[in-house]
Structure formats: structure tokens, C-alpha cells
Amino acid sequence: MNTEEETKHETSSSSNGVDSTTANTGEADKKRESSSRDVNSPASAPFGGRILVDESAVFEQNAWDHAAWGEEQVQHAQKEIARQSLNPVPTELVEMYHAEAAENWNKFYAKNENKFFKDRHWLRIEFPELFQMIEADAGEKNVMEIGCGAGNTMFPMLIESKNPKLFVYACDFSSTAVDVVKNNPEYDAKRGKAFVWDLAGDDIPPEVEPESMDVLVLIFVLSALHPDKWENAMNNLYKLLKPGGLIVFRDYGRYDMAQLRFKKNRLLSDNFYVRGDGTRVYFFESDEIVKLFGSKFTIEQNAVDRRLIVNRLRKVKMYRVWLQGKFRKPLAGGTPGAPSATTVVTSGDNEEPDVDVDNSLSLDTPADSPKPA
Ligand SMILES: C[S@@+](CC[C@H](N)C(=O)[O-])C[C@H]1O[C@@H](n2cnc3c(N)ncnc32)[C@H](O)[C@@H]1O
């Protein structure tokens, strides 16, 4: 099987609603600690559990954290981007894709239903703040999962919660996704509420009070918005959060394998693509994230998670890149920003991956590994 086929195999398990294939992965490969690395931390800072030290050992396990990028990889990424820009989405179709975004997500959920649900054990590793909300004595807490899809954060929280005063909101601009959440047997209208809302719209939803949320969850959602709408989204997030409240963020990073695999007629604008099913996806740089969130929030984490996924049988390497962040709304009178918001260079890293696209949604997790070869 060639490189392209290999990659399709890897993402197709994701597009079926399974983030990846931990079940088939050897225990030694499993991730047990955060592999997200603050962009300002020195290259030697300890993080992640699976570091590739000896390149000749690369095919000895299925996944490596903090995959280093060489000049060759950077050049490959740039070549792929240049190739894509020769054949962007035809101008007459661009507006149609933007106009039909919600409808295309509806179709996605109609097709995938709750197969898209995945209990991500990495949530506990990367975002322990979420799980502080569910402790018995945490007190009155409101959490909101935005662009909730099938409720991949809502349900693990509700299921595990020992906090009688926790309330979890879940919203999405796909009404079909909201139906999927409401039809989940764990949905409990006394402990949570799912509703349709457009994060890119002009105001916060009527279902919630301004400044009432302790934690906002933004996982693989901002990338689905048109870049012209990011500012609206920031304003809404700010209005929703209590002073001192936290946003937990994870999304696609620039030159992730999924970006470089896009073929002809998929590029909408710089780093913004439409998949074969009409859903859109942007690939972020750390400095864009700092600019966006840093104007309103204090940046507590600004991290990159680079993963090298390996098919041992076929000797194929695949590079994934995700960004992760934690952004806190300042207390009344406080100012946003943080020292970590000023520098945005991943120490020791360049950028880049490999391969070709199948246009399917690849919902990627920090913790999971591919099927062993
Ligand atoms: C890639 S999926 C991620 C779903 C979920 N957060 C997860 O991680 O499993 C992106 C989700 O964002 C939703 N979405 C896209 N644009 C949105 C918007 N403007 N407002 C609210 N939700 C949106 C889509 O309907 C879809 O459910």
C-alpha cells in the first residue's frame, strides 16, 4: 500500500466517529501524560511519554510525541501548499460553501449519527480543569461545550460527575448534532441543556446568562469558522465567561498531515479548506491563536502537540500537528495577555508533515495511536 492509501486508512477510522484506534494499540504505545508542549518551553523541558531519541528506532512503536521537523519536511509542506494554491476552489463555488456550512454539518451528523461519539480519555490528561468541575465539593459550576457535535465533552463529564451543582450546556449550529446529543441516553435535562447556536453570530444565546460560564470548551470548532468570523467568536466567548473563567482549546495546527493531503479544488483561502462533504477546516499557527485570544484573555497555555504516527509494516511516517491552549478571562480590573503570549516560536521545531487527502473529517486526539501494523 502506498503512502496515500495508508493515510486514508488512518483517517477513515476517525471519520467513522472513532478518534483513533487505542483498542488495538499496544500498552507501551499508550499516552499517559500530556504531549502538548508550551511554545516557549526549552527543547529539553520534560513532557510527553514517547520521545524518539534514536531515529533508527522509529518503526519500533506506533506513535512518538514531539516529532522533530527537519528542513526536508518543511520544504515538503511548502511544496504541497504551493500545489494546492494552483487549483483553489473555483471562485463561483466559494460563497456556496460558506452559505451551506450549517447544512453540510447537518448532513454529516445525519450520516454519522452518534458514531461520532468518543469517550476521549485524553481530556482528563490535557484538561484536568474540566474534571475539577465534577468533584463533589466543587460547588455551583457551569460548563459549556461549544460546537459540541455528539457531546464528546458533555457526556464524559455528566457520567463521571459527583457534583450535584454542575450544569453542562452543549451547543452547535448543526441542529442535527443537537438532536444527536438530546437522543443520547445519558442526556438529562435536569443536569444539562443542548441547543442550536452559532458561535460566529452577533450575540450570545438566549439560553444562557452573560458572564455565567466557569469553563468554555472549544475543541476542533474554531477551525470550522470562516476567519472573518473569529472576532465575533472572541466577543461571544468573552461575554459568556465569568471573570476568572477558563476556555480550554484544541484544534488543527499548520501543516498537519490533514492539511497537506488536500487535493485540487479544496482550498477556499489561505489555510482554509472545504472537505469532500462540504465541511470547512482551518489550520492555525500558534501566533494566530495568541493574537486572537491574547487581546481579551490571559494565556495560561499556548502549546503545540506534534505527533509522529508510524505504520510499522509499511514503513510510513505521518506527522500530525495540533494546537492547544488555556485562556482565562481576567478578573474585573485585570488586563489580558501573559508573558507566554509574546513569543510564538516552538523551540527546536520547524513545521511539516507528509501525504495526501481523503477529504474526510479527521477528528484527532492527543492520546490515541494508530493501529499497529
Ligand atoms: C470538527 S467538529 C467537532 C465536534 C466536537 N467539538 C468534537 O470535538 O467532537 C466541529 C463542530 O463544530 C460545529 N460548528 C461549526 N461551525 C460552528 C459555528 N459557527 N457555531 C457553532 N458550532 C459550529 C459543527 O457543527 C461540528 O459539530
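D251 has L323, in strand 12, as its bridge partner. This pairing belongs to a predicted model, and strand 12 is a good place to start reading it.

**Strand 12 and its partners**

Strand 7 spans residues 241-252 and pairs with strand 12 in the antiparallel sense, over 7 bridges. Strand 12 also runs antiparallel to strand 11, residues 298-311, and 13 bridges join these two. Within that second pairing, R306 has V321 of strand 12 as its bridge partner. Strands 11 and 12 form a hairpin with 4 residues between the strands. There, K315 takes a positive phi near 55 degrees.

How many of the 13 residues of strand 12 are buried? The count is 12, so strand 12 (residues 316-328) is largely enclosed by the rest of the structure. In a regular strand, side chains alternate between the two faces of the sheet.

The antiparallel strand pairs are listed here.

| Strand pair | Bridges |
|---|---|
| Strand 7 and strand 12 | 7 bridges |
| Strand 11 and strand 12 | 13 bridges |
| Strand 8 and strand 9 | 2 bridges |

**The nonpolar core**

The largest nonpolar core holds 90 residues. L216 and L218 have the most contacts inside it. Which element gives this core its largest share? Strand 12 does, with 7 residues. Strand 6 covers residues 213-219. L216 is in contact with M144, I146, L237, L240, L241 and I247, leaving aside its neighbours within four places in sequence.

**A small open sheet**

Strands 8, 9 and 10 form an open sheet in the order 8-9-10, with antiparallel pairing. Its edge strands are strand 8 (267-269) and strand 10 (280-282), and each pairs on one side only. Neighbouring strands of this sheet are turned by 30 degrees against each other on average, direction ignored. Strand 9 takes residues 272-274 and pairs with strand 8 over 2 bridges. In that pairing, L267 stands opposite Y273 of strand 9.

**Ligand shell and a helix pair**

The ligand has 19 residues around it. Which of them come nearest? They are W105, G147, G149, L199 and A224. By class, the shell has 13 nonpolar, 4 polar and 2 charged residues.

W105 also sits in a helix contact. In helix 4, W105, N106, Y109 and A110 meet S175, T176, A177 and V180 of helix 8. By class, this contact has 5 nonpolar and 3 polar residues, and no charged ones. Helix 4 (residues 101-112) and helix 8 (residues 175-183) pack at an angle of about 35 degrees. Their axes are 7 Å apart.

**A200 in its loop**

A200 lies in the loop between strand 5 (192-196) and strand 6. Why does A200 count as partly exposed? Because it has 18 C-beta neighbours inside 10 Å, whereas a buried residue needs 20 or more. Not counting residues up to four places away in sequence, A200 touches L225, H226, K229, N232 and A233. A200 and H226 are 26 residues apart in sequence. In space, the two are 8.4 Å apart, C-alpha to C-alpha.

**The whole chain**

The chain has 11 helices and 12 strands. Of its 373 residues, 49% are buried. Among contacts with a separation of 6 or more, 81% join residues 24 or more positions apart.

Methods:
Residues are numbered from 1 along each chain as its sequence is written. This is a predicted model: local features need pLDDT of at least 70, side-chain atom pairs count only at pLDDT 80 or more; totals for chains, interfaces and linings use all residues. Two strands pair if DSSP finds at least two bridges between them. A residue is near a molecule or strand if its C-beta atom, placed from the backbone, lies within 6 Å of it. Ala, Val, Leu, Ile, Met, Phe, Trp, Tyr, Cys and Pro count as nonpolar, Asp, Glu, Lys and Arg as charged, and the others, Gly among them, as polar. Axes are lines fitted to C-alpha atoms, for helices over the stretch in contact, and angles run from 0 to 180 degrees between N-to-C directions. Two residues are in contact if their C-beta atoms, placed from the backbone, lie within 7 Å. A nonpolar core is a set of buried Ala, Val, Leu, Ile, Met, Phe, Trp, Tyr and Cys residues joined through C-beta atoms within 7 Å.
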